[in-house]
Amino acid sequence: MINYRGKNIVIVGLGITGLSCVNYFLTKNVIPKVIDTRVKPDGLDLLDCRVPYHIGSLKLDWLLSADLIVASPGIALSTPELVEAQQHGVEIVGDIELFCREVNQHSGKKIAAITGSNGKTTVTTLVGEIVKASGAKVGVGGNIGQAALSLLDEDCDVFVLELSSFQLETTFSLRATAATILNVSEDHMDRYPDGIKQYTAAKQRIYTNAKHCIINYDDQLTYPIDPSEQSKCIEFGVANGQYHLDDLQQHLVINDVAVLETQQAQLIGLHNYLNILAALAITDALDIARESSLAAIKHFQGLSHRFELVFENKGVKWINDSKATNVGSTEAALNSIVCQGTLYLLLGGDGKSADFSPLLPHLLRQKQLEIYCFGRDKDLLARLRPTVTTKVNTMQEAICAIAQKTQANDVVLLSPACASLDQFKNYIERGNSFAALAKELG
């Protein structure tokens with residue numbers, strides 16, 4: 001049992017994660033302090049009345065006098081007040097670190113840890129469904145669904161955690177049975193001033209002390225940097241690795257044996273077949289019976305806003321990939337799209353200082369293509385292929401124009417390569433708006 005009694009604990013950031021941290025310490029008979037820079041933070045009305053709080057700014061004297069700071073993933077470690085606290089010898093961790101310290105005390109508990117620029121929510125959810133179908137008790141959370149600390153209330157055999165690079169920055173005690181970086185492409189460059197190398201280094205922390213490292217054969221940035229971890233690697237890929245696809249991409253293959261026809265899976269597209277292969281590699285490493293895993297895969301319908309066919313009428317398909325909030329995710333969608341007519345591609349939003357140029361080869365490969373760019377970074381995106389691009393202010397304007405032009409065999413794809421916060425509450429609202437407009441106008 002980890003003893004925090006008598007310690008001065010300061011939690012930075014409220015919301016779901018912050019509240020889970022507060023409740024965790026209260027069960028340890030420790031009353032923490034809470035700081036949130038927002039004037040009206042989410043969850044303030046749910047805060048235990050015994051817990052002192054400060055809102056609207058970072059309270060430096062609380063930070064400097066703390067024995068332990070638990071920082072929300074939403075606040076950068078480079079924030080001057082946190083830097084000063086760290087220089088004064090104050091330990092800074094995140095909620096995942098608190099979770100791992102607890103789980104490490106219980107032998108027999110397994111953790112599957114999943115990160116990556118794209119696909120991690122799909123893989124995390126699929127792994128969770130596979131483990132559940134096997135009869136084991138599973139807890140799924142972290143960067144999605146339940147906060148990791150709230151999973152401790154359940155007597156789980158396996159914990160399946162989606163972990164962001166921000167969460168990994170403040171995690172030191174993770175010992176995953178299976179850990180994976182699915183892929184790495186530019187994302188959150190506004191948070192990583194040193195670029196892709198700094199972002200990758202944060203992701204790489206997932207492999208530390210892992211029993212099995214599940215890596216993407218086709219993405220060198222997913223390979224462990226530490227040579228001692230390379231002997232623990234299991235590879236998945238398009239055509240190579242222990243887990244791959246056959247030449248015609250019609251079967252999932254494990255160690256040269258075809259185990260499932262791709263058409264038997266309800267997930268569609270090359271990027272989703274790779275997600276399935278990664279999930280199989282993880283669940284094999286967790287010692288889940290293969291037959292049980294394959295059965296669960298056949299029933300898994302995927303997640304909303306992720307390459308989701310939301311409407312089809314008169315031979316025109318409308319695909320909602322609103323979760324494509326970075327360039328790599330849109331690349332994956334363009335690699336997977338099958339279109340015999342014209343592809344109408346909607347790009348736009350807040351690019352988070354990303355380099356959009358990797359999209360160009362995929363855009364050049366599309367024979368019949370019309371691009372509609374909207375939102376904050378529409379001008380930057382429009383430079384990719386200006387001769388086939390129309391600039392509009394909003395996604396609705398784009399859909400109104402597209403709906404007048406579509407014919408049988410055309411595909412309308414929302415895969416924005418950008419965050420949504422310039423015009424929408426989140427990617428979910430953007431995707432729901434796209435689906436509603438498709439059904440109304442398509």
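Contact here means heavy atoms within 4.5 Å. The model is predicted, so local features need pLDDT of at least 70 and side-chain atom pairs count only at pLDDT 80 or more, while totals for chains, interfaces and linings use all residues. Residues are numbered from 1 along each chain as its sequence is written, and side-chain values use heavy atoms, with hydrogens and water left out.

**View A. Helix H7 and its cover.** H7 spans residues 196-204; helices (H or I, at least four residues) and strands (E, at least two) are DSSP runs numbered from the N terminus. Its buried residues (under 20% relative accessible area, 1.4 Å probe, protein chains only) are Tyr199, Thr200, Ala202, Lys203 and Gln204. Among the elements covering them are strands E6 (110-115) and E9 (178-181), plus helices H5 (120-133) and H6 (165-169).

**View B. The largest nonpolar core.** A core is a set of buried Ala, Val, Leu, Ile, Met, Phe, Trp, Tyr and Cys residues joined through side-chain atoms within 4.5 Å. This one has 48 residues, and Phe25, Val70, Leu98, Phe99, Ile111 and Ile206 have the most contacts inside it. Helix H1 (residues 15-27) chips in the largest share, six residues. Domain 1 (9-92) and domain 2 (97-299) both give residues, so the core lies between them; the bounds come from an automatic or database domain assignment.

**View C. The open six-stranded sheet.** The order is E15-E16-E20-E17-E18-E19, with mixed pairing; two strands pair if DSSP finds at least two bridges between them. At the edges sit E15 (308-313) and E19 (389-391), each pairing on one side only. E15 and E16 (residues 316-320) run antiparallel over five bridges.

Methods:
Buried means under 20% relative accessible area, exposed over 50%, partly exposed in between (1.4 Å probe, protein chains only).
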